[in-house]
Amino acid sequence: RDITQFKNVQNELQRNFRELNRSNLELEEFAYAASHDLQEPLRKITTFSSRLLDKFGDILGEEGAMYITRMEVAAENMRSLIDNLLELSRVTRNNQPFEQMDLNKLIKNTIADLELTIDETGAEIHSATLPVIDAIPSQLRQMFNNLLANALKFRRPDVHPVISITAVKIDRATKEENFLAVEKNY
């Protein structure tokens with residue numbers, strides 16, 4: 001039998017695999033460098049906003065203090081994003097352990113983090129009872145934060161968003177259809 005075509009495909013897959021690994025390594029290095037470099041300017045923003053509020057809070061008045069407080073909240077969110085970027089850059093190097101996570105608590109915390117945006121948009125967020133799952137906590141927190149933040153950001157300006165969060169355990173047929181392990185729960 002002529003296996004030339006099979007060998008060519010196999011060689012192409014191996015070449016693509018090596019290229020993907022190289023690309024992933026470059027991406028990890030970039031994410032690490034970028035997140036590291038962003039920390040110092042963020043520290044300065046946080047420090048100077050705090051000093052500004054302490055020194056000139058009386059002059060700025062209630063509205064000015066509110067703007068600085070918003071700036072500090074945004075800086076804290078940015079710090080969290082930078083930390084997550086650093087963590088992401090380490091994901092493939094360190095096998096992070098899966099932990100049991102109560103998605104109900106996670107959603108509650110995410111909603112609390114986004115409270116200002118939720119109030120500003122007049123959003124309603126409804127969450128069904130969610131399961132406890134095995135996951136990498138930082139990645140799941142970031143995913144929910146991104147999903148909710150994007151749902152609040154990318155909306156029609158004249159419509160108050162209504163966000164529903166639910167979970168459904170998929171059946172065997174759906175697992176097979178999507179090439180998932182039938183013995184696992186999804």
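**Exercise 1. Packing of helix 2 and helix 4**

In which hand of crossing does helix 2 pass helix 4? Work from the predicted model shown above, and describe how helix 2 and helix 4 pack.

Solution.

Step 1. Locate the two elements: helix 2 covers residues 103–113 and helix 4 covers residues 137–153.

Step 2. Two packed helices are described by the angle between their axes and the distance between the axes. For helix 2 and helix 4 the angle is about 50 degrees, and the axes are 10 Å apart.

Step 3. Classify the angle. Angles under 35 degrees count as roughly parallel, and 65 to 115 as roughly perpendicular. Helix 2 and helix 4 are therefore oblique to each other.

Step 4. Assign the hand: the crossing of helix 2 with helix 4 is right-handed.

**Exercise 2. Salt bridges in helix 1**

Describe the salt bridge of R15 with E12 and that of R22 with E26, giving for each the N to O distance.

Solution.

Step 1. Side chains of opposite charge can pair when their charged atoms come close. A search of the whole structure finds seven salt bridges.

Step 2. Take R15 and E12. Their side chains form a salt bridge with an N to O distance of 2.6 Å. Both residues belong to helix 1 and are three residues apart, about one turn of the helix.

Step 3. Assign the exposure of this pair. R15 has 43% relative accessibility and counts as partly exposed; E12, at 35%, also counts as partly exposed.

Step 4. Take R22 and E26. The N to O distance in their salt bridge is 2.3 Å. R22 and E26 are four residues apart in helix 1, so about one helical turn separates them.

Step 5. Assign the exposure of the second pair. The relative accessible area of R22 is 38%, which makes R22 partly exposed. E26 is partly exposed at 43% relative accessibility.

Step 6. Look beyond the pair: R22 and E26 belong to a network of salt bridges that includes E19.

**Exercise 3. A salt bridge in helix 5**

Which residue meets R172 in a salt bridge? Give the exposure class of R172 and of its partner.

Solution.

Step 1. The partner of R172 is E176, and their side chains meet at 3.1 Å, N to O.

Step 2. R172 and E176 lie in helix 5 (residues 172–177), four residues apart, and are therefore separated by about one helical turn.

Step 3. Compare each value with the cut-off: exposed means over 50% relative accessible area, and partly exposed lies between that and 20%. R172, at 52%, is exposed. E176, at 45%, counts as partly exposed.

**Exercise 4. A nonpolar surface patch**

Which residues make the nonpolar surface patch of about 370 Å²?

Solution.

Step 1. The patch is made by L52, F56, I59 and L60.

Step 2. Place one of its residues: F56 is in helix 1, which spans residues 4–90.

Step 3. Check the accessibility of F56. Its relative accessible area is 37%, so F56 is partly exposed.

**Exercise 5. Two residues of strand 3**

Is A135 buried or exposed? Treat I133 in the same way, and give one C-alpha separation for each residue.

Solution.

Step 1. Strand 3 runs over residues 132–135 and holds I133; A135 is found in strand 3 as well.

Step 2. A135 has a relative accessible area of 7% and is buried, because buried means under 20%. I133, at 28% relative accessibility, counts as partly exposed.

Step 3. I133 and F98 are 35 residues apart along the chain, and 9.2 Å separates their C-alpha atoms. A135 and E120 are 15 residues apart along the chain, with their C-alpha atoms separated by 31 Å.

**Exercise 6. Residues on either side of helix 5**

Where does V168 lie, and what is the sign of phi at F179?

Solution.

Step 1. V168 is in the loop between strand 4 (162–165) and helix 5. At 66% relative accessibility, V168 counts as exposed.

Step 2. V168 and H126 are 42 residues apart along the chain, and their C-alpha atoms are separated by 15 Å.

Step 3. F179 is in the segment after helix 5. With 76% relative accessibility, F179 counts as exposed.

Step 4. Most residues other than glycine have a negative phi. F179 is not a glycine, yet its phi is positive, about 55 degrees.

How values were computed
Residues numbered from 1 in each chain as written. Predicted model: local features only at pLDDT ≥ 70, side-chain atom pairs only at ≥ 80, totals over all residues. Heavy atoms only, no water. Patch = residues over 30% accessible without salt bridge, like charges linked within 9 Å, V, L, I, M, F, W, Y side chains within 5 Å. Areas by Shrake-Rupley, 256 points an atom, 1.4 Å probe, with all protein chains shown as cover. Salt bridge = Lys/Arg side-chain N within 4 Å of Asp/Glu carboxyl O. Buried < 20%, exposed > 50% of the residue type's maximum accessible area, 1.4 Å probe, protein only. Axes fitted to C-alpha atoms, helices over the stretch in contact; angles between N-to-C directions. Parallel < 35°, antiparallel > 145°, perpendicular 65-115°, else oblique. Left-handed = near helix turned anticlockwise from the far one by under 90°.
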